[in-house]
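Reader: I am new to this structure and would like a close look at one part of it. Please take the sheet with the helices packed beside it, and then show how the rest relates to that part.

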Amino acid sequence: MNYCRYLNLTSLSRQPSPIRVLTGIMQQAPPTMISMAGGRPNPNLFPIKGVSISLRDGTTVDIEPSLVQKGLQYSATPGLNEMLDWVKILQKDVHNPPTLNSSDVDKQLDMLIIPGSQDGLSKAFEAFITEKDNILIETPTYSGTLAIVKPMRSNLLSVQTDKHGIIPSHLRKILSKWSPEDTKDPKSDIPKILYCIPNGGNPTGHGLTLERRQEIYQIAHEYDLLIMEDDPYFYLQNRQPYIPSFLSMDVDGRVLRFDSFSKLLSSGMRVGIVTGPKAIINRIALHMQASVVQTSGMSQVLLYTILERMGLNGFKEHVKNVASFYQQQRDHCLTSAEKHLKGLAEWYVPECGMFLWMKLIGIPDSYKLITEKAREKEVLFVPGNAFMLNSEEPCPYVRASYSESSPEEMDMAFERLASVLREAK
């Protein structure tokens, strides 16, 4: 793997911040080390001395004072050691990446604690994309990703999906314009990046089958693609064991995986993980050094304390309960959709996640209908054009989220939508 071919000139030009390097050294230093090098504020002036958190099971946890002090102070960009150690155990246990102990230093697996997977995606795209680059992206796709890549003036190549995610034959069809040999030509415009959401696709709720994942990985191997595996809904899968991730089959070191705790423990803490080859992780860390500096220390401390208290088995049990809840929510949503929208809309059963993706029958474009007429009837959905590469084109789809609404609210929402659709006929 020649990782330099995926990185743009800006990323390749970045150098480690001397101050950030010193912060990392201080984090590893013995207590006897005297430092007059950093610009760290004196922690004795911080008004926060201790932190106690109340959990839903009725217990109260006092966070260790030493951890609180670490959380309040500057820390190394990759993350607090305690948090990094915990997620390394998690990733090894759940995904067991083949490159974990690779002898190739650049290819060797590494991790970075990021302020939410959205920010990690942004930093990665900033490191990869040069104007007019061809980027492979599943469609429809996450609107937050589109908000990142559209202003970068790249050519977004739409890879078709169905209820099982990316269609491998369409991916291969797009790439047939080029030869695998073109990857060796620095002047070639052959795509280098493939972006996908393998589980609980946002907005579609689709899930890639194991067979498709294996075929897509093989195509990526042939065309030397770097796979950006954006997988915040991984633990919401409705099956055990989980369908193996791209990371778990990554013998080449060509997968950059984005995990999030937002759907599992807290969305407001803004903590995620990016896992992948050290050569790429290091570059994303340099982009962080020039912007957010680090993920919130207090968020890491809070999250680590909860995870450590749960233990690995406790975490697994917790996410099973979370997945079970969303499966029940999905079923309630489908029942209400069948009751009120049959003959007015089409949909398939979401594999997992939080969303129902519906095509409105006889409605060429859902935008005004949803933003005006539906709003007048006090019901909100997201028009489908928000998830399309060209948001100006008519789109008959809408996304409904079933994560927070009660069964009664979902029933009422679809009843109101049905009324809007009948009036539009």
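Author: What follows starts with the whole chain, turns to the sheet and its helices, and ends with a second sheet and a second helix pair.

The model is a predicted one. The protein holds 12 helices and 14 strands. Its C-alpha trace spans about 75 × 60 × 40 Å along the principal axes. A compact globule of 425 residues would have a radius of gyration near 22 Å, and the value of 23 Å for the protein agrees with that.

The part you ask about is an open sheet of 8 strands with mixed pairing. Read across, the order is S3-S10-S9-S8-S7-S4-S5-S6. Strand S3 (109-114) and strand S6 (165-166) stand at the edges; each has a single partner strand, so one side of each is left without a neighbour in the sheet. Within the sheet, strand S4 (residues 134-139) and strand S7 (residues 193-196) run parallel and are joined by 3 bridges. In this pairing Leu136 of S4 stands opposite Leu194 in S7.

Two loops attached to these strands contain a cis peptide bond. For background, most peptide bonds are trans. The bond from Thr139 to Pro140 is cis, with omega near -5 degrees, and Pro140 is found in the loop between S4 and helix H6 (143-149). A cis peptide bond also joins Gln240 and Pro241, with omega about -5 degrees. Pro241 lies in the loop that runs between strand S8 (226-230) and strand S9 (255-260).

The edge strand S3 is preceded by another backbone feature. Asn96 is found in the loop between helix H4 (81-94) and S3. Asn96 has a positive phi of about 45 degrees although it is not a glycine. Most residues other than glycine have a negative phi.

Now to the helices beside the sheet. Helix H7 (residues 168-175) lies across S4, strand S5 (155-162), S6 and S7, and runs at about 155 degrees to S5. H7 also packs against helix H8 (residues 210-222), at an angle of about 15 degrees and with the axes 10 Å apart. An angle under 35 degrees counts as roughly parallel, so H7 is roughly parallel to H8. Their crossing is right-handed. From H7, the residues Pro168, Leu171, Arg172 and Leu175 meet Arg212, Glu215, Ile216, Ile219 and Glu222 in H8. These contact residues divide into 5 nonpolar, no polar and 4 charged.

Elsewhere there is a second open sheet, of 4 strands, with antiparallel pairing and the order S11-S12-S14-S13. Strand S11 (345-346) and strand S13 (382-383) are at its edges, each with a single partner strand, so one side of each has no neighbour in the sheet. S11 and strand S12 (residues 355-360) run antiparallel and are joined by 2 bridges. Ala345 stands opposite Leu360 in S12.

A second helix pair can be set beside the pair of H7 and H8. The axes of helix H11 (residues 367-376) and helix H12 (residues 407-424) come within 10 Å and cross at roughly 110 degrees. Angles of 65 to 115 degrees count as roughly perpendicular, so H11 is roughly perpendicular to H12. This crossing is right-handed. Leu369, Ile370, Lys373 and Ala374 of H11 make the contact with Leu417, Val420, Leu421 and Ala424 of H12. The residues of this contact divide into 7 nonpolar, no polar and 1 charged.

Methods. Residues are numbered from 1 along each chain as its sequence is written. This is a predicted model: local features need pLDDT of at least 70, side-chain atom pairs count only at pLDDT 80 or more; totals for chains, interfaces and linings use all residues. Side-chain values use heavy atoms; hydrogens and water are left out. Two strands pair if DSSP finds at least two bridges between them. Contact means heavy atoms within 4.5 Å. Axes are lines fitted to C-alpha atoms, for helices over the stretch in contact, and angles run from 0 to 180 degrees between N-to-C directions. Angles under 35 degrees count as roughly parallel, over 145 as roughly antiparallel, 65 to 115 as roughly perpendicular and the rest as oblique. A crossing is left-handed if the near helix is turned anticlockwise from the far one by less than a right angle, and right-handed if clockwise. Ala, Val, Leu, Ile, Met, Phe, Trp, Tyr, Cys and Pro count as nonpolar, Asp, Glu, Lys and Arg as charged, and the others, Gly among them, as polar. The radius of gyration is taken over C-alpha atoms; the globule rule is 2.2 Å times the number of residues to the power 0.38.
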